[in-house]
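Visitor: I should like a close look at a single part of this model. Please describe how its strands are paired and connected.

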Amino acid sequence: MIKIGVLKDNDGRVALVPQDVYALVKKGFKVLIETEAGKNALFADSDYEAAGAQIVNRQEIRENADIVVSINFPEDFGVREGQTLICLTYFLWHKDRALKIANAKGTLIALDAIPRITRAQSMDVLSSQATIAGYEAVVLGAELLPILMPMLSTAAGMVKPVEVLVIGAGVAGLQAIATAKRLGARITGYDVRESAQEEIRSLGAQVLHLEGARTEEQGGYAVEQTEDFLRRQQQTFEKQASKTNLIITSAVVPGKKAPILITRKALENMPPGGVVIDLAAQFGGNTEVTKADEIVEYGNARVVGYTSLPARKPRTASTLFSKNIFNLLDLLIEENQLKFDFSDQIISDCTIVYNGELRHPALKSDKQ
Ligand SMILES: NC(=O)c1ccc[n+]([C@@H]2O[C@H](COP(=O)([O-])OP(=O)(O)OC[C@H]3O[C@@H](n4cnc5c(N)ncnc54)[C@H](O)[C@@H]3O)[C@@H](O)[C@H]2O)c1
């Protein structure tokens with residue numbers, strides 16, 4: 001019987017929720033939950049027990065689980081030989097942790113390396129969490145702004161709508177546009193990828209267009225821009241900032257430090273009470289002043305660098321994450337056996353370490 005262990009995460013989300021635990025137990029798996037793993041997302045240990053799980057400590061998970069699931073890449077969890085860890089790894093930033101798993105002859109499935117293809121959508125943790133981040137960025141921005149979002153026509157006069165600029169129109173950026181639209185803001189969207197332009201427009205936002213970008217994509221992701229183009233982007237946003245109340249940035253190139261798109265000058269140019277929500281804070285940030293998990297005041301703006309916005313809605317974030325994990329386990333487990341069928345692109349791409357073997361090229365070059 002395959003044993004699945006669920007670690008208590010440090011950001012308040014939990015990787016499997018009781019509803020999916022129940023379905024796994026019904027399929028014949030044993031599920032071990034670390035004490036209070038779901039507490040912050042309002043899933044009590046008793047809910048897990050009612051779903052058929054066993055509440056255990058971390059060491060028991062280490063000793064007994066065949067598969068261990070977590071939201072983030074745990075620093076302190078020593079994967080043992082033959083054990084499989086599934087989590088968001090951002091392994092290009094945490095190669096040391098991935099190499100440690102390889103040295104222990106363990107297996108590492110990087111949820112962030114699942115390909116962005118149609119068949120993998122139901123397992124796409126990046127998308128489910130980015131959806132929440134985009135929504136939450138707008139809600140947080142609306143809370144911090146000193147003005148209301150929508151246009152209002154009242155007996156006391158007219159209130160103009162907030163001007164929002166969304167930079168980076170991937171999953172989070174598009175959700176931010178859709179959410180800001182619902183709140184009545186006037187939105188301008190921008191992305192270097194050509195395919196994003198139509199998506200921005202279809203959500204009712206204006207498209208900001210800048211000639212000269214490298215628009216090619218790698219697996220759907222943007223590529224790094226030239227220094228010259230980045231400078232032109234910065235100058236464009238310095239101008240745009242003077243008529244923007246809320247800027248939401250989410251410009252990311254996988255494995256690279258986030259590009260600086262909002263300069264100090266742009267922050268000085270914003271109208272008083274400006275807010276910037278920097279969704280790229282985890283990767284260094286899209287502004288010159290972003291500090292991870294802090295709010296920095298500069299010029300006319302407050303720059304929010306929270307690195308885990310999805311964790312601010314832990315219940316929804318955990319529920320979606322859990323369904324993604326459930327679907328991935330469904331693909332990985334056949335007839336009660338973990339099967340690593342590397343002819344399947346999804347399994348091949350996300351299994352970056354297999355029984356000690358480094359499978360991802362970026363890790364191979366770092367073998368110690
Ligand atoms: N078919 C699927 O199953 C599926 C599912 C989800 C996402 N996707 C695709 O995957 C891709 C990545 O999405 P994501 O949300 O993870 O993106 P991401 O988080 O990697 O990046 C966010 C956005 O930043 C943009 N960006 C990068 N550098 C920039 C710059 N200098 N200036 C402005 N914008 C910049 C990117 O183009 C991207 O849209 C997208 O093409 C998306 O449509 C596909």
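Guide: In this predicted model, strand β15 (residues 274–278) and strand β17 (residues 301–304) run parallel and are joined by four bridges. Within this pairing, G274 has A301 of β17 as its bridge partner. Strand β17 is also joined to strand β16 (residues 295–298), again through four bridges, but here the two strands run antiparallel. In this antiparallel pairing, V296 stands opposite V303 of β17. The connection between β16 and β17 is a hairpin with two residues between the strands. One turn residue, G299, has a positive phi of about 60 degrees.

A second set of pairings centres on strand β6 (residues 107–110), which runs parallel to strand β5 (residues 84–87) and is joined to β5 by four bridges. Here I86 stands opposite I109 of β6. With helix α4 (residues 95–103), β5 and β6 make a right-handed β-α-β unit. Strand β6 also pairs with strand β20 (residues 351–354), in the antiparallel sense and over two bridges; in that pairing I109 stands opposite T351 of β20.

The side chains of β6 deserve separate mention. In a regular strand, side chains alternate between the two faces of the sheet. In β6, T107 and I109 point one way, whereas L108 and A110 point the other way. All four of these residues are buried.

Note on methods. Residues are numbered from 1 along each chain as its sequence is written. This is a predicted model: local features need pLDDT of at least 70, side-chain atom pairs count only at pLDDT 80 or more; totals for chains, interfaces and linings use all residues. Two strands pair if DSSP finds at least two bridges between them. A residue is buried if 20 or more other C-beta atoms lie within 10 Å of its own, exposed if 12 or fewer, and partly exposed in between; C-beta atoms are placed from the backbone. A crossover is right-handed if, with the strands pointing away from the viewer, the path from the first strand over the helix to the second runs clockwise.
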